[in-house]
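Visitor: Please put the structure up. I would like to ask how each label is earned.

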Amino acid sequence: MTFPASAVFVSYETVRRWCAKFGQAYANSLHRRRPRPGDKWHLDEVFIRINGERKYLWRAVDQYGNVLDILVQNRRDKAAARRFFRRLLKETGSVPRVLVTDKLRSYSAAHREVMPSVEHRSHKGLNNQAENSHQPTRQRERAMKGFRSTGRAQRFLSAFSGISPHFRPRRHLMTAPHYRAEMTIRFTIWEQITGTTGLSATA
């Protein structure tokens, strides 16, 4: 079998290094282009295995499904919830009108300390928005056969959670023409961020 002279061979390790080097920068660029977060935040935490140890991935999304932040922590106690709340306020630069969580008591305790003026709704059935946001992470976790360290998991998921939703608009709420138009816009934005605008036309 012969290959054209212009063929480029890329290994998995090369792709991993590219993602590690450029992924967060691209995610940050997408984040700066987004409108201000909504005023209703959904928080949830799930466990992940890192080298056989149980860790917890905390995630916050707004009512539109936009990921506000994620944080990998060793625990899901009051101190961990408080740390995540403070990080959220710093990263978003805003305060929500409503905070929606499951019935984990750590949320209530941290809420009273960090955001006492914010309405807190604690109910398992109200938090599907955040729970559904974990699904792409679970898919990547299976594909990667787990994460090797807490630091690597945090770095990868911070970038992945910033980039993946860009290519996952809420398809079920769109007509087919609307979806195609929206994806055209999103790919154009992606090409601008990655500096690949016009490369496919000149290749």
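Guide: This is a predicted model. Start with R82, which has a relative accessible area of 22%.

Visitor: What makes R82 partly exposed?

Guide: Partly exposed covers the range between under 20% and over 50%. R82 has 22%, so R82 is partly exposed.

Visitor: And why is E113 called partly exposed?

Guide: E113 has a relative accessible area of 41%. That value falls between the cut-offs of 20% and 50%, so E113 is partly exposed too.

Visitor: How do you know that R82 forms a salt bridge with E113?

Guide: The closest N and O atoms of R82 and E113 are 3.2 Å apart. The limit is 4 Å, so the pair counts as a salt bridge. R82 sits in helix α2 and E113 in helix α3 (residues 105-114), so the bridge ties together parts 31 residues apart in sequence. K78 joins R82 and E113 in a network of salt bridges.

Visitor: How many salt bridges does a search of the whole structure find?

Guide: Eight. One of them pairs the side chains of D39 and R97.

Visitor: What makes D39 and R97 a salt bridge?

Guide: Their N to O distance is 3.0 Å. The cut-off is 4 Å, so the pair qualifies. D39 is in the loop between α1 and β1 (40-50). R97 is in the loop between α2 (78-92) and β4 (98-101). The two residues are 58 apart, so this pair links distant parts of the chain.

Visitor: Why are D39 and R97 called partly exposed?

Guide: D39 has 33% relative accessibility, and R97 has 44%. The band runs from 20% to 50%, so both count as partly exposed.

Visitor: Why is R186 called buried?

Guide: R186 has 18% relative accessibility. Buried means under 20%, so R186 counts as buried. Leaving aside neighbours within four places in sequence, R186 is in contact with P165, H166, F167, R168 and P169.

Visitor: What does R186 form a salt bridge with?

Guide: With E182, the closest N and O atoms being 2.7 Å apart. The limit is 4 Å, so the bridge counts. R186 and E182 both lie in helix α7 (residues 176-194), four residues apart, about one turn of the helix. An α-helix has 3.6 residues a turn, so residues three or four places apart point the same way.

Visitor: What makes S94 buried?

Guide: S94 has a relative accessible area of 13%. The cut-off is under 20%, so S94 is buried. S94 is found in the loop between α2 and β4. Beyond its neighbours within four places in sequence, S94 is in contact with R36, P37, W41 and L89.

Visitor: How do you know that the span of helix α6 agrees with its length?

Guide: Helix α6 (residues 150-163) has 14 residues. At 1.5 Å a residue they should span 20 Å. The end C-alpha atoms are 20 Å apart, so the two agree. Buried residues in α6 include A153, L157, F160 and I163.

Visitor: Which residues form the nonpolar patch on the surface?

Guide: V8, V10, V15, W18 and F22, with about 470 Å² of accessible area together. V15 lies in helix α1 (residues 12-33).

Visitor: What makes V15 accessible enough for a patch?

Guide: Patch residues need over 30% relative accessible area, and V15 has 38%, so V15 passes. By the 20% and 50% cut-offs, V15 is partly exposed.

Terms used: Residues numbered from 1 in each chain as written. Predicted model: local features only at pLDDT ≥ 70, side-chain atom pairs only at ≥ 80, totals over all residues. Heavy atoms only, no water. Patch = residues over 30% accessible without salt bridge, like charges linked within 9 Å, V, L, I, M, F, W, Y side chains within 5 Å. Areas by Shrake-Rupley, 256 points an atom, 1.4 Å probe, with all protein chains shown as cover. Buried < 20%, exposed > 50% of the residue type's maximum accessible area, 1.4 Å probe, protein only. Contact = heavy atoms within 4.5 Å. Expected span 1.5 Å × (residues − 1).
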